[in-house]
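Biologist: I'm new to this one and keep tripping over the labels people use. Can we go through where they come from?

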Amino acid sequence: MIGKIVMKNNLSFKKAELDISKGLTVFTGLSGAGKSVLFKGILSAFCLCESEAKSVEIQVDDKLDLENFGIESEEENVFKLLKEKSTKYFINNQSIAKKSLQNLSKSFIKYLSAKENNEFSNEKFLNLLDALEIQKNAEFSSFLQEFKKDFEEYTQNFHALNVILEEEKKVEELKELAKMQIEKISSINPKIGEYEELLVLKKRLSKKDKLTQAWAKAEGVFDFEKVVIEALNLSEVDASFFSECFNELRMICENQKMQDYDFDIETLLDRIENLSYLMKRYESIENALEVLKQKKQELEHYENLSFEKKELEKKVKESQQRLMQKAKKLTQTREQNLQTLQNYLNDYLQNLYMKDALLTLKENEKISALGKDELVLDINLANLKHLSSGELNRLRLAFIATECKILNEGKGVLFLDEIDANLSGKEAMSIAKILLELSEFYQIFAISHLPQLSSKAHNHFLVEKKDEESIVRKLDKDQRVKELARMVSGELVSDEALEFAKTLLKS
């Protein structure tokens with residue numbers, strides 16, 4: 001529910017501050033006072049309308065799925081629009097993209113304008129038919145869940161079969177590609193850690209000649225071993241340290257001679273090059289071995305494709321048969337409840353002084369998660385696109401009321417822009433009564449030019465212009481009487497108009 005609205009610098013409005021309670025909120029005033037400007041300013045904070053407002057801030061206390069948009073939710077969520085060189089949107093002081101805000105806003109705000117008629121989606125009508133059946137038979141809910149589960153199974157199997165059919169068209173090419181990769185990796189037969197070991201060996205081999213020459217020269221030092229020991233003994237110095245040093249040196253020299261330097265350098269370089277190729281293509285030897293494993297599995301899959309295809313064809317056929325049987329039952333059940341739904345809708349349409357609607361179920365060729373049914377709506381044998389904007393909005397109102405009556409639920413905010421325009425008093429009163437019924441579920445904002453609807457408001461705001469500046473203020477009971485009387489008789493308010501206004505408020 002919207003609790004507070006603060007709007008600044010919106011054309012003739014310098015500042016508008018409104019405290020709103022639940023129920024039906026109506027804006028009235030002379031033409032040109034700024035009602036539509038104010039209305040669009042409110043909607044602009046939700047990115048549902050364009051506005052010239054420089055700043056709009058709105059408090060909303062509904063629980064919203066803000067986390068899905070990367071925004072932390074609070075007890076009161078603050079929607080804010082700021083316009084300087086460009087328009088920016090915020091929720092709880094966190095920036096949000098325009099498209100994301102629109103998607104979020106449409107989840108809890110219904111704006112009845114002539115541009116949209118998404119209330120009449122096939123899914124919504126079918127859900128109402130199913131809800132009517134659940135009211136009579138609670139087990140039907142389980143049947144719907146089973147149908148959706150069967151549809152998911154059918155869709156998965158059908159998709160998997162199509163993948164195989166596509167693979168089948170190019171299976172020889174795919175097999176050849178898999179074989180080539182398997183053959184290439186297998187022919188190299190890499191081992192984990194081998195590349196690093198060969199690099200170390202390559203480094204040693206690269207200095208083989210220098211090592212041989214150096215140790216050949218160094219071996220000459222052993223010719224002086226006896227001489228040095230004899231000199232140490234004559235000097236009465238313990239020669240054991242020298243003997244230990246020479247023994248260690250002799251071991252190192254022998255080890256160097258025993259090193260395997262007979263490895264073919266060309267073979268080594270070829271091996272390193274092959275391993276380097278695998279590492280460049282697959283990033284590592286480990287990845288190359290993993291690809292080898294995957295390609296062997298792919299090749300096995302391609303070779304077993306015919307068997308898998310037969311199995312999937314069998315599954316698709318079986319799941320399709322189950323689905324079609326349940327879809328038929330679903331259609332039959334919906335047809336039994338079609339008249340009830342039509343009666344509910346027509347009751348509201350009659351109260352709105354509109355022609356009856358005709359609902360018919362048509363079978364689609366393709367099946368979906370909703371079955372094979374498509375509900376077609378006609379008003380007095382006229383298609384929706386042939387209705388006037390006023391008729392379309394009243395039809396939408398009747399559908400929303402029908403939805404609330406059947407589901408006994410509804411949540412969010414409903415915006416109605418001059419829904420009683422060009423209507424008679426009795427038509428306006430019929431709308432008012434339906435809006436009062438809907439206000440048990442929705443918070444409603446409406447612009448009105450007729451006293452019948454305005455008299456039923458829980459919050460009545462007057463928009464007026466003084467010295468070229470628009471202002472908006474909430475009316476108390478006495479002020480409402482005067483405003484309703486003005487709406488009845490014009491600027492020169494008569495006693496009869498005042499009495500009529502009091503009667504409207506009392507009723």
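Biologist: How do you know that Phe242 and Phe246 are separated by about one helical turn?
Modeller: Keep in mind that this is a predicted model. Both residues belong to helix H9, which covers residues 240-258, and they are 4 residues apart there, so about one helical turn separates them.

Biologist: What makes the pair of Phe242 and Phe246 tilted?
Modeller: A pair of aromatic rings is described by the distance of the centres and the angle of the planes. Here the ring centres are 4.4 Å apart, and pairing needs them within 6.5 Å. The planes stand at 40 degrees; stacked would take under 30 degrees and edge-to-face over 60, so a pair with neither is called tilted. Phe242 and Phe246 are both buried, too.

Biologist: And why is the pair of Phe415 and Phe445 called stacked?
Modeller: Their planes are 10 degrees apart, with 5.0 Å from centre to centre. Stacked means under 30 degrees, so the label fits. This pair links distant parts of the chain: Phe415 sits in strand E11 (residues 413-416) and Phe445 in strand E12 (residues 443-447), 30 residues apart. Both Phe415 and Phe445 are buried.

Biologist: What makes Phe415 and Phe445 part of a cluster?
Modeller: Ring pairs link them with Phe27, Phe39 and Phe461. In total, the structure holds 14 aromatic pairs.

Biologist: Let's go to the surface. Why does Val227 count as exposed?
Modeller: Its relative accessibility is 53%, and exposed means over 50%, so Val227 passes the cut-off. Val227 lies in helix H8 (residues 225-234). Together with Phe224 and Val228, Val227 forms a nonpolar surface patch, and the three have about 280 Å² of accessible area together.

Biologist: Then why is Glu74 called partly exposed?
Modeller: Glu74 has 45% relative accessibility. Buried would be under 20% and exposed over 50%, so a value in between is partly exposed. You'll find Glu74 in the loop between strand E4 (55-60) and strand E5 (77-83).

Biologist: What makes the patch with Glu74 negative?
Modeller: Its members are Asp65, Glu67, Glu72 and Glu74. Asp and Glu count as negative, so that gives the patch its label.

Biologist: Last one: is Glu409 buried or exposed, and how do you know?
Modeller: Exposed, because its relative accessibility is 51% and the cut-off is over 50%. Glu409 is in the loop between helix H13 (389-407) and E11. From Gly390, Glu409 is 19 residues away in sequence and 25 Å away in space, C-alpha to C-alpha.

Note on methods
Residues numbered from 1 in each chain as written. Predicted model: local features only at pLDDT ≥ 70, side-chain atom pairs only at ≥ 80, totals over all residues. Heavy atoms only, no water. Patch = residues over 30% accessible without salt bridge, like charges linked within 9 Å, V, L, I, M, F, W, Y side chains within 5 Å. Areas by Shrake-Rupley, 256 points an atom, 1.4 Å probe, with all protein chains shown as cover. Salt bridge = Lys/Arg side-chain N within 4 Å of Asp/Glu carboxyl O. Charge placed at Lys NZ, Arg CZ, Asp CG, Glu CD. Helix = DSSP H or I, 4+ residues; strand = E, 2+ residues; numbered from the N terminus. Buried < 20%, exposed > 50% of the residue type's maximum accessible area, 1.4 Å probe, protein only. Phe/Tyr/Trp six-rings, centres within 6.5 Å; stacked < 30°, edge-to-face > 60°.
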